2 protein chains.
Amino acid sequence: MHSLNDSIDALDGKLIRLLSDEPRIGVLECSRRLQVARGTVQARLDRLQTKGVIGGFGPQVDPAALGYPVTAFATLEISQGQGVDVRAHLSSVPEVLELHTITGQGDMLVRIVARSNADLQRVIDRVVGFDGIVRASTAIALENPVPYRVLPLVEQAAGE
Amino acid sequence: MHSLNDSIDALDGKLIRLLSDEPRIGVLECSRRLQVARGTVQARLDRLQTKGVIGGFGPQVDPAALGYPVTAFATLEISQGQGVDVRAHLSSVPEVLELHTITGQGDMLVRIVARSNADLQRVIDRVVGFDGIVRASTAIALENPVPYRVLPLVEQAAGE
DNA sequence: TCCCAGCTGGACAGGTTGCCCATCGGACGG
DNA sequence: CCGTCCGATGGGCAACCTGTCCAGCTGGGA
């Protein structure tokens, strides 16, 4: 029935949704809500974590509440062969929350946060003040109509 | 000592780091590791959640493990006054994981995932096939040298 | 100096976890 | 058609953790 190539099924989907809605509930409570045996929930959770679908249950920290309410995205143009050094540099900056390499000649996309618009200047200076970064263009995030979410995707994957 | 304007202190920082590293441990185990009383850990956790620093402990789902290994970022140019409709449209697409409005005339930044490069075409068509979206430019994420992280920021905020 | 918030250590009942087992059912291959 | 295999079930067990009290201590601010 199940192989390692299988995607998730409807029960997995409901389980993920349930845990997303109310993370504090335990395995037993899940089994009650989903009308299945406790062992089943435990087995599903183990399998989801083994397969990597669920990475963990770490605390979701809000940078804004930490004092960093400003988010910005910077596109960096990197000179040839400097990729490794630039990555090391960027990963050493706490305000760099995420870094992707993207299509385009030596381009990178960086997500950064700052304490204020004024502070953003300091962060940008620190980010781009490094040999190997040829050019940078920054866009400040004004609003976040769709915060990061995965549930709709989970339900689509579970519904097949 | 503490007011609502206070940022987090060193103990809060250690607590967040500990829970990030080993999310399965409970309050009691935290108190043992941090060498403080259980009540203290409970009080700190309550405060962090009340202040919004910790949003929750939901499962961290990996889209790649769900069958969506391709990530892309699209910049959309929106015609005047169409913002609301475009947001509604984008939030109805499961593959849209995140949406920000950014500086620049009517621009939006969208994070999308797809099952394959070929499938990405389908997703993009669905995303941009909507009145009000004037132009779209897409960048495929090739690598992710720095996955989303907050811990360095937490430690900086806690270290003050 | 007094006051107060925060931390401590302890206690309690109740619920939950991790783990074991025997059984049942459907899916599959022979 | 039958045997095998795997997942789900329901039950039970000891150990543990949670939520919630409490009294006492300490350090900093008024």
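This is a short talk on how two protein chains fit together and where they meet DNA.

Keep in mind that this is a predicted model. I'll go from the symmetry to the interface, then the barrel, then the DNA.

Symmetry first. Two copies of a chain are related by a rotation about an axis and a shift along it. Here, chain A lands on chain B after a rotation of 180 degrees, with 0.0 Å of shift along the axis and an RMSD of 0.0 Å. The two copies are therefore related as by a two-fold rotation axis. Which C-alpha of chain A sits nearest that axis? That of Phe57(A), at 2.7 Å. Both copies use the same surface, with 100% of the contact residues of chain A recurring in chain B.

Now the interface itself. Chain A puts in 57 residues, and chain B puts in 57 residues. Which elements of chain A carry this contact? Three helices are on the list: H1 (10-21), H4 (83-91) and H6 (151-158). Three strands join them: E2 (96-102), E3 (107-114) and E4 (133-146). Each of these supplies at least two residues to the side of chain A that touches chain B. E4(A) gives the most, with eight residues. What about chemistry? By class, that side of chain A has 35 nonpolar, 15 polar and seven charged residues.

On to the barrel. Please follow the strands on the screen. Eight strands close into a barrel, and the pairing is antiparallel. The order is E1(A)-E3(A)-E2(A)-E4(B)-E1(B)-E3(B)-E2(B)-E4(A). On average, neighbouring strands of this sheet are turned by 35 degrees against each other, direction ignored. As a reminder, strands of a sheet pair through backbone hydrogen bonds, either parallel or antiparallel.

Let's walk around it, starting within chain A. E1(A), residues 70-78, pairs with E3(A) over eight bridges, in the antiparallel sense. Ala74(A) stands opposite Val110(A) in that pairing. Next comes E2(A), joined to E3(A) by six antiparallel bridges. Two residue pairs are worth finding here. Glu98(A) stands opposite Arg111(A). Thr101(A) stands opposite Met108(A). E2(A) and E3(A) form a hairpin, with four residues between them. Look at Gly104(A) in the turn: its phi is positive, about 115 degrees.

Are these two strands mostly covered or open? E3(A) is mostly covered, with six of its eight residues buried. E2(A) is mostly covered too, with five of its seven residues buried.

Then we cross over to chain B. Three bridges join E2(A) to E4(B), residues 133-146, and these strands run antiparallel. Thr101(A) has Glu143(B) as its bridge partner in E4(B). For Ile102(A), the partner in E4(B) is Ala141(B). Thr101(A) therefore deserves a second look: Met108(A) stands opposite it in E3(A), and Glu143(B) is its partner in E4(B). 

Further round, in chain B, E1(B), residues 70-78, and E3(B), residues 107-114, pair antiparallel over eight bridges. There, Ala74(B) stands opposite Val110(B).

Next, the DNA. How many residues lie around DNA strand D? There are 13. Those that come nearest are Ala37(A), Gly39(A), Thr40(A), Gly26(B) and Leu28(B). Three helices give two or more residues to this surface. They are H3 (38-51) of chain A, plus H2 (27-34) and H3 (38-51) of chain B. By class, the surface near DNA strand D has six nonpolar residues, six polar and one charged.

One last spot, at the start of chain A. Asp9(A) lies in the segment before H1 of chain A. Is Asp9(A) buried or partly exposed? Asp9(A) counts as partly exposed, because it has 16 C-beta neighbours inside 10 Å. Asp9(A) also pairs up distant parts of the sequence: Ala157(A) is 148 residues away along the chain, yet 7.8 Å away in space, C-alpha to C-alpha.

That's the tour.

Conventions. Residues numbered from 1 in each chain as written. Chains lettered and ligands numbered in written order. Predicted model: local features only at pLDDT ≥ 70, side-chain atom pairs only at ≥ 80, totals over all residues. Least-squares fit on C-alpha atoms with pLDDT ≥ 70 in both. Contact = placed C-beta atoms within 7 Å. Nonpolar A, V, L, I, M, F, W, Y, C, P; charged D, E, K, R; others polar. Pairing = 2+ DSSP bridges. Axes fitted to C-alpha atoms, helices over the stretch in contact; angles between N-to-C directions. Near = placed C-beta within 6 Å. Buried ≥ 20, exposed ≤ 12 C-beta atoms within 10 Å, placed from the backbone.
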